[in-house]
Amino acid sequence: MASEGAADRSRAEVLRTTTPEAFAAAVVRATDRLRAGELVALPTETVYGLAANALDAEAVGRIFEVKERPRRNPVIVHVASGEMARRCVTAWPAAAERLAAAFWPGPLTLVLPRSREVPDVVVAGGETVGIRWPAHPFMQAVIRHCGFPLAAPSANRANEISPTTAAHVEAGLGDRIPLIIDGGPAQVGIESTVVDLVARPIRVLRPGMIDEVSLAGALAAEAEWGAGGRGNEGGGSAEALRSPGQLERHYSPRARLVVLGWRDEDDLRRRLEGLGVGRDGTHVLTYHRIPSADVAARVCVIPHDPEAYARAMYAEWHVCDRLGARTIVVEAVPEGATWRGIADRLRRASSPAAG
Ligand code: TXA
Ligand code: MG
């Protein structure tokens, strides 16, 4: 299922999972590769992951090579039971128990003190490890079959957009990895919420679709939650030490991405002129004040609720890149907790550093 152009370059085999037989066969194939120390791209509910045996330092090292990922950026460890999670850490505080009970399996990563079983390369030499129990049935089946946890960052080259379909993975990494499992389009669509349970107060390092209000609710009896505590808004220097990967130029399409608010179509036209971008090469991604199709080369409407928006967002950026957009103009999204993960990705993709 290669997107055109990628198919001839690609050497990766893509396995479907759409029948029970195909699913079971793909679990066996993926497990065999992972046991042999190889990498496999696997579906999760957030974005596709590039997986390796988390307890095999050499295998995890290959993840960094394939992604061209800086070694200082730690990788999330994926588990398929509470017991497997606890084997990777040296402390399992009440807050972990509450958050796991409320949100696992699901799009939440807990940062905890790391056990010595987890190799240095996984945690970038740090003293903590990020753990997640993903909800996708295929990912769960593979982890259970393997019997070991899987280290898996998003299955894209460093600085590119995270993949939400197997075709995205194939287009980006198909010439570098042997096996991609197609588990359908990702249901969440942006990366997991990362919560630091070692910091005091507890805080969000990377916002995602499990928002702070939900986290605070699950931690209601937990005195150490920084009430109203903000996530990684400023990306200041203390933050950088705690979560080095957050400073990378993540999540960027190749096109320049601009976030813009407008009152009506005339206002949008004026603003596009002000930006100095021509109609050609400009794609508008809108969800609320929808202009007519002729304001830009392409106008694309994304659903209005945050869950559906997140599910569609990266896929739309991928389409813009594939169609050769020079500028992606994204309608500004609302303030508020439910949109914070989306707003964070928009801010990163449009920051001057993201170029
Ligand atoms: O949804 C997700 O989390 C996806 C899927 C594949 O599970 N994975 C993902 O991985 O987004 P990655 O490597 O692209 O992003 C992991 C982020 C990095 O920004 C990293 O800094 C942070 O999580 N992280 C991982 N381990 C950490 C740790 N021990 N302390 C602080 N931050 C950590
Ligand atoms: Mg990533």
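Start by selecting helix H7, residues 137-146, in this predicted model. Color Phe138, Met139, Gln140, Ala141, Val142, Ile143 and Cys146, which are the buried residues of H7. With seven of the ten residues of H7 buried, the helix is largely enclosed by the rest of the structure.

What do those buried residues pack against? Add helix H2 (20-35), helix H4 (82-87), strand E2 (40-42), strand E4 (77-78), strand E7 (150-151) and strand E8 (179-182) to the view, and you have the partners. Now step just past the end of the helix to Gly147, where phi is positive, at about 80 degrees.

While you're here, click on Cys146: its relative accessible area is 8%, so it is buried. Then select Cys88, which counts as buried because its relative accessibility is 4%. How many disulfides are there to draw? The count comes to zero.

**The two cores**

Zoom out to the largest nonpolar core, which has 70 residues. Which of them touch the most other members? Leu42 and Leu99 do. H7, where you just were, gives this core its largest share, six residues.

Center on Leu99 and show its contacts beyond the neighbours within four places in sequence. You should find Trp104, Leu108 and Leu110 there, along with Val195 and Leu197, and then Leu215, Ala218 and Leu219. For background, nonpolar side chains tend to be buried together in soluble globular proteins.

Next, switch to a second core, separate from the other and made up of 26 residues. Val47, Ile190, Leu285 and Leu346 are among its members.

**Ile190**

Ile190 deserves its own stop, in the loop between E8 and E9. Is it buried or exposed? At 0% relative accessibility, Ile190 counts as buried.

Leave out the neighbours within four places in sequence and Ile190 still has plenty to show: its contacts are Thr46, Val47, Gly208, Met209, Ala310, Met313, Tyr314, Gly341, Ile342 and Arg345. For a distance to draw, pick the C-alpha atoms of Ile190 and Glu307: they are separated by 9.8 Å, with the two positions 117 residues apart along the chain.

**The cavity**

Two of those contacts of Ile190, Gly208 and Gly341, also appear in the lining of the largest cavity, so keep them selected. The structure holds one cavity of 30 Å³ or more, and the volume of the largest cavity is about 40 Å³. Which residues line it? Select Thr193, Val204, Pro207, Gly208, Ile210, Asp211, Glu212, Leu215, Ala337, Arg340 and Gly341. Helix H9 (212-218) and helix H13 (340-350) are the elements that give two or more residues to this lining. Color the lining by class and you get five nonpolar, three polar and three charged residues.

**Cis peptide bonds**

Go to Trp104, one of the contacts of Leu99. The peptide bond from Trp104 to Pro105 is cis, with omega near -10 degrees. Where does Pro105 sit? Its place is in the loop between helix H5 (94-103) and strand E5 (108-113).

Then select Arg200 and Pro201, where the peptide bond is cis with omega near -5 degrees. Pro201 is in the loop that runs between strand E9 (193-196) and strand E10 (203-206).

**Positive phi without glycine**

Ala124 isn't a glycine, yet its phi is positive, about 55 degrees. Look for Ala124 in the loop between helix H6 (120-123) and strand E6 (128-132). It counts as partly exposed, with a relative accessibility of 29%.

Asn159 is another non-glycine with a positive phi, in this case about 80 degrees. You'll find Asn159 in the loop between E7 and helix H8 (166-173). At 30% relative accessibility, Asn159 counts as partly exposed.

**Zooming out**

To finish, show the whole chain as a cartoon. What does its secondary structure come to? There are 13 helices and 14 strands. Switch to coloring by burial: of the 355 residues of the chain, 57% count as buried. If you plot a contact map, take the contacts between residues at least 6 apart in sequence; 68% of them join residues at least 24 apart.

Definitions and conventions:
Residues are numbered from 1 along each chain as its sequence is written. Chains are lettered from A and ligands numbered from 1 in the order in which they are written. Side-chain values use heavy atoms; hydrogens and water are left out. A nonpolar core is a set of buried Ala, Val, Leu, Ile, Met, Phe, Trp, Tyr and Cys residues joined through side-chain atoms within 4.5 Å. Buried means under 20% relative accessible area, exposed over 50%, partly exposed in between (1.4 Å probe, protein chains only). Helices (H or I, at least four residues) and strands (E, at least two) are DSSP runs, numbered from the N terminus. Contact means heavy atoms within 4.5 Å. A disulfide is a pair of cysteine sulfur atoms within 2.5 Å. On a 1 Å grid over the protein atoms alone, a cavity is a set of points where a 1.4 Å probe fits but cannot get out, and a pocket is an open set with protein on both sides within 12 Å along at least five of seven lines; lining residues have an atom within 4 Å of a point. Grid points are joined across faces, edges and corners, and a volume is the space filled by probe spheres set on the points. Ala, Val, Leu, Ile, Met, Phe, Trp, Tyr, Cys and Pro count as nonpolar, Asp, Glu, Lys and Arg as charged, and the others, Gly among them, as polar.
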